[in-house]
Amino acid sequence: MKIMVLTLMVFVILLTSFPVPNKAADTNVEAACDPKQLQPCLAAITGGGQPSGDCCAKLKEQQPCLCGFAKNPAFAQYISSPNSRKVLTACGIPYPSC
């Protein structure tokens, strides 16, 4: 339990510490790439539970940004985790191929 709390704290600190590119590299559509928007998904990604509706909605909004998040060392471990893949699948979002 302490490890999960520590992991959550580290993730939130990292989320607020590193800037993320504001444009999606693969599209002409500008997206407001903000990893803080994915906080509703934190419990599902770190704990392996089912994502909430709010989590899925935020993932869909931030979908063009996932490659940018995956390339950022602060977030890469969360995007590439098995739980992250499960959350994306549960929300009907394809895993990004960057």
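## One salt bridge

Let's start with charged side chains. In this predicted model, the salt bridge count comes to one. The partners are Lys-58 and Glu-61, whose side chains meet at 3.9 Å, N to O. That pair makes the list because the cut-off is a side-chain nitrogen of Lys or Arg within 4 Å of a carboxyl oxygen of Asp or Glu.

Where do Lys-58 and Glu-61 lie? Both belong to helix H3, which covers residues 53-62. They are three residues apart, or about one turn of the helix. As a rule, an α-helix has 3.6 residues a turn, so residues three or four places apart point the same way.

Are the two partners buried or exposed? Lys-58 has a relative accessibility of 19%, so it counts as buried, the cut-off being under 20%. Glu-61 has a relative accessible area of 46%, which makes it partly exposed.

## The chain as a whole

Now step back to the whole chain. Its secondary structure comes to six helices and zero strands, so from the N terminus on you can read the elements as α-α-α-α-α-α.

The chain has 98 residues, and 37% of them are buried. Its accessible surface is about 5,900 Å², with 60% of that belonging to carbon and sulfur atoms. What about contacts across the sequence? Take the contacts between residues at least 6 apart in sequence: 65% of these join residues at least 24 apart.

## The buried side of H3

Back to H3, the helix with the salt bridge partners. Its buried residues are Cys-55, Cys-56, Lys-58, Leu-59 and Gln-62. Around the axis they cover an arc of only 165 degrees, so they sit on the same side of H3.

What covers the buried residues of H3? The cover includes helix H4, residues 66-71, and also H6.

## H6 and its two sides

Next comes H6, which spans residues 82-90. Which of its residues are buried? They are Asn-83, Ser-84, Val-87 and Leu-88. Looking down the axis of H6, you would find these buried residues within an arc of 140 degrees, so they line one face of the helix. On the other side of H6 you'll find Pro-82, Lys-86 and Thr-89, which are exposed.

The buried residues of H6 have plenty to pack against: helix H2 (42-47), H3, H4 and helix H5 (76-79). After H6 comes Gly-92, and its phi is positive, near 75 degrees.

## Asn-83 and Ser-84 up close

Two neighbours in H6 deserve a closer look. Asn-83 is found in this helix and has a relative accessible area of 19%, so it is buried. Setting aside neighbours within four places in sequence, its contacts are Ala-44, Ile-45, Thr-46, Gly-47 and Gly-48. With Ile-45 there is a finer detail: the side chain of Asn-83 reaches the backbone oxygen of Ile-45 at 3.1 Å. Asn-83 can also be compared with Gly-49: the two are 34 residues apart in sequence, and their C-alpha atoms are 8.2 Å apart in space.

Ser-84 is in H6 too. Its relative accessibility is 5%, so it counts as buried. Again leaving out neighbours within four places in sequence, Ser-84 is in contact with Ile-45, Tyr-78 and Ile-79. Ile-45 is therefore a contact of both Asn-83 and Ser-84, with heavy atoms within 4.5 Å in each case.

## An aromatic pair and a proline

How many aromatic pairs does the structure hold? There is one. Its rings belong to Phe-69 and Phe-75, with centres 6.1 Å apart and planes at 70 degrees, so the pair is edge-to-face. Phe-69 and Phe-75 are both buried.

Phe-69 can also be placed relative to Pro-35. The two are 34 residues apart in sequence, and 7.5 Å apart in space when taken C-alpha to C-alpha. Pro-35 lies in the loop between helix H1 (2-17) and H2. Is this loop residue buried or exposed? Pro-35 is buried, with a relative accessible area of 8%.

Conventions:
Residues are numbered from 1 along each chain as its sequence is written. This is a predicted model: local features need pLDDT of at least 70, side-chain atom pairs count only at pLDDT 80 or more; totals for chains, interfaces and linings use all residues. Side-chain values use heavy atoms; hydrogens and water are left out. Helices (H or I, at least four residues) and strands (E, at least two) are DSSP runs, numbered from the N terminus. Buried means under 20% relative accessible area, exposed over 50%, partly exposed in between (1.4 Å probe, protein chains only). A polar contact is a pair of N or O atoms within 3.5 Å; within protein, one must be able to donate a hydrogen and the other to accept it, and residues adjacent in sequence count only if both atoms are side-chain atoms. Accessible areas come from the Shrake-Rupley method with a 1.4 Å probe; for residues, only the protein chains shown count as cover. The arc is that of the directions from the helix axis to the C-beta atoms. Rings of Phe, Tyr and Trp (its six-membered ring) pair if their centres lie within 6.5 Å; planes under 30 degrees apart count as stacked, over 60 as edge-to-face and the rest as tilted.
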